[in-house]
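Please look at the chain below before reading on. The text after it goes from the overall division of the chain down to single residues.

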Amino acid sequence: MSLTPPCESFDPDAVAADDRDCLWHHIKPHHLFQSAEQPVIASGDGLVVRDIRGREYLDAASGGVWSVIVGYGRRAIARAVAHQLETLPYYAGVLGTVPAARLARALVDRLPGMDKIFFSNSGSEANEKAFKLVRQAARLGRDRAGKVKILYRDRDYHGTTLATLSATGQAERRRGFEPLCPGFVQVPHPLCYRCPFELSYPGCEMRCATEVERIIESEGPDTVGALIVEPITAGGGIIVPRDEYLPMIERICRRHGLWLIIDEVVCGFGRTGVFWGHQHFGISPDIVTMAKGMAGGYEPLSATAVRPEIFQRFLNDPADPGQRLNYFRDISTYGGCTGPMAAALETLRIIDAEDLVGNSRRMGTYLLDRLRELADMPLVGDVRGRGLFCGVELVADKKTKQPISEALMGRIVAAINARGVLVGRTNASLPGNNTIMNFAPALIVTREQIDQIVDAVKAVLAQRWRD
Ligand SMILES: Cc1ncc(COP(=O)(O)O)c(C=O)c1O
């Protein structure tokens, strides 16, 4: 595999002008263009991306938001997609297609206890489907009548649409979009480093989990239908819960008839060293949502997986006068695109053939060990993570845990980028605390590449920084 020469098929000046003048970048303050041209990415190979000026970067964020899990330049995925598009590009999800059926089977086989897969296009959409299942089920069966509220956790992110934003515990992302949807209730996060109760483990007796039960009881268990959580919180700052946390949460959900929705949009497909993030904790979710790495970032695709008991609630019953609602009343036009499913099937094949989950586990341990070397540096407050998903939280004062300023955070990340390494960071999400860098390279990463990433971060943090 070789990188496409950057200037072969385009004029870099023209592309830079198009980028500056016409493209509305996502979550980017556009005043940045006034001081400097912004990189425009042109090609990629393995873990390396190259911009239109020929500069190369080692991508420690799998495409910025953790999607390109098998690396760039996978011709086998491109070929699988091309072949599928020539055969059949699309048919709406009301009917099956060959890759949809095959992929549904491949996912069911990897999700013990689940037996139906509903496809859509983005992580937000997959979570919206989960919420709509909860709401519609509350109208279908007497045992769930009224159970329409959905609990979500402080610091978790579940998407960009208004309903998923209503289920997102990141105040800065919500700000400016109110009024949000009713029926979503926040519960505490489980990050020990910033315990919401200012307690310490194990003396806290897992208050972050027991508090969830208190909230359900105060809301009224007959009004609450589900709890959605990320197994390991991603954009909220890489939060790995204590081992007993999710099993406790699962038991609380069972006691009160809540469906446990596990958002595997980021953690799924090997990111954290096991295939699904929730497998670290030995729990059995009712609904699992997935996206990002599912099609390797080569195509947009997401899915909502459910247990048989949930699917059966939506079976048609011609004798039921209420049958108009007796199927899941939902459709996603592009959930019928077959190219993404071909990409996902090929991604799964690559994950297995190259033991990328094993590599994520092994290289993840190495990455965390290497990042822990930074723990004594003046700005480093906390280092945490699991598998190839690690975070480093920067603070101005290690004792008070006062975060560094966002301006300084921006300068530090820019300095790392300037060394040719792209890292992720919390971004306009957590008021006053968007100072957590994240490291999530593609699952093919090598020890040498991890060294390159950590060495760049170490060199930058070793400089004298003034806030
Ligand atoms: C945990 C989690 N869930 C859902 C989403 C939303 O996915 P999408 O951007 O594909 O809508 C994201 C996106 O970053 C995410 O991190």
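What follows is a walk through this structure, from domains and cores to strands, a helix and a few backbone details. The model is predicted.

The chain is divided into two domains. Domain 1 is made of two segments, 12–68 and 355–461, and domain 2 covers 76–353. Between the C-alpha centres of domain 1 and domain 2 the distance is 26 Å. To the contact between them, domain 1 gives 39 residues and domain 2 gives 35 residues.

The interior can be taken next. The largest nonpolar core has 69 residues. Within this core, the residues touching the most other members are Phe-119, Phe-269, Met-290, Met-294, Leu-394, Ile-412 and Met-437. The core is shared, with at least three residues coming from each of domain 1 and domain 2. Phe-119 can serve as an example. Leaving aside residues up to four places away in sequence, Phe-119 touches several residues at 100–107, namely Ala-100, Leu-103, Ala-104 and Leu-107. Its other contacts, on the same count, are Met-294, Leu-301, Ser-302, Ala-303, Ser-332, Gly-335 and Met-341. Another core, of 23 residues, lies apart from the largest one, and its members include Leu-227, Val-229, Met-248 and Ile-249.

Strand β5 (residues 149–153) has pairing partners in β7 and β6. With β7 (residues 224–229), β5 pairs in the parallel sense over four bridges. With β6 (residues 184–187), β5 is likewise parallel, again joined by four bridges. Tyr-152 of β5 illustrates both pairings: its bridge partner in β7 is Ile-228, and its bridge partner in β6 is Gln-186. How many of the five residues of β5 are buried? The count is five of five. Lys-149, Leu-151 and Arg-153 point one way from the strand, while Ile-150 and Tyr-152 point the other way, and all are buried.

A separate group of strands forms an open sheet, with the order β1-β2-β3-β14 and mixed pairing. At its edges are β1 (41–45) and β14 (421–422), each of which pairs on one side only. The pairing of β3 with β14 is parallel and comprises two bridges; in β14, Val-421 is the bridge partner of Leu-58. The loop between β2 (48–51) and β3 (56–59) contains Gly-54. Gly-54 counts as partly exposed because its relative accessible area is 31%. From Gly-54 to Ala-42 the C-alpha distance is 8.6 Å, with their positions 12 residues apart in sequence.

Another loop residue, Ile-283, is found between β8 (259–263) and β9 (287–290). Is Ile-283 buried or exposed? Its relative accessibility is 7%, so Ile-283 counts as buried. Not counting residues up to four places away in sequence, Ile-283 touches Leu-246, Pro-247, Glu-250, Leu-260, Ile-262 and His-278. The C-alpha atoms of Ile-283 and Ile-249 are separated by 9.4 Å, and the two residues are 34 residues apart along the chain.

Helix α1 (residues 12–22) has Pro-12, Ala-16, Ala-17 and Asp-19 as its buried residues. These lie on the same side of α1, because they cover an arc of only 160 degrees around the axis. The buried residues of α1 pack against α2 (32–35). On the other side of α1, Asp-21 and Cys-22 are exposed. At the start of the helix, a side-chain oxygen of Asp-11 comes to within 3.0 Å of the backbone nitrogen of Asp-13.

Some backbone details remain. Glu-178 and Pro-179 are joined by a cis peptide bond, with omega about 0 degrees, and Pro-179 lies in the loop between α8 (171–174) and β6. A cis peptide bond also joins Tyr-201 and Pro-202, where omega is about 5 degrees; Pro-202 belongs to the loop between β6 and α9 (207–219).

Lys-292 is not a glycine but has a positive phi of about 35 degrees. Lys-292 is in the loop between β9 and β10 (302–306), and is partly exposed, with a relative accessible area of 23%. Ala-428, also not a glycine, has a positive phi of about 45 degrees. Ala-428 sits in the loop between β15 (424–425) and β16 (436–439). The relative accessible area of Ala-428 is 39%, so this residue counts as partly exposed.

How values were computed:
Residues numbered from 1 in each chain as written. Predicted model: local features only at pLDDT ≥ 70, side-chain atom pairs only at ≥ 80, totals over all residues. Heavy atoms only, no water. Buried < 20%, exposed > 50% of the residue type's maximum accessible area, 1.4 Å probe, protein only. Arc of directions from axis to C-beta. Contact = heavy atoms within 4.5 Å. Polar contact = N/O pair within 3.5 Å; in protein donor to acceptor, adjacent residues only side chain to side chain. Core = buried A, V, L, I, M, F, W, Y, C linked by side-chain atoms within 4.5 Å. Domains from an automatic or database assignment. Pairing = 2+ DSSP bridges.
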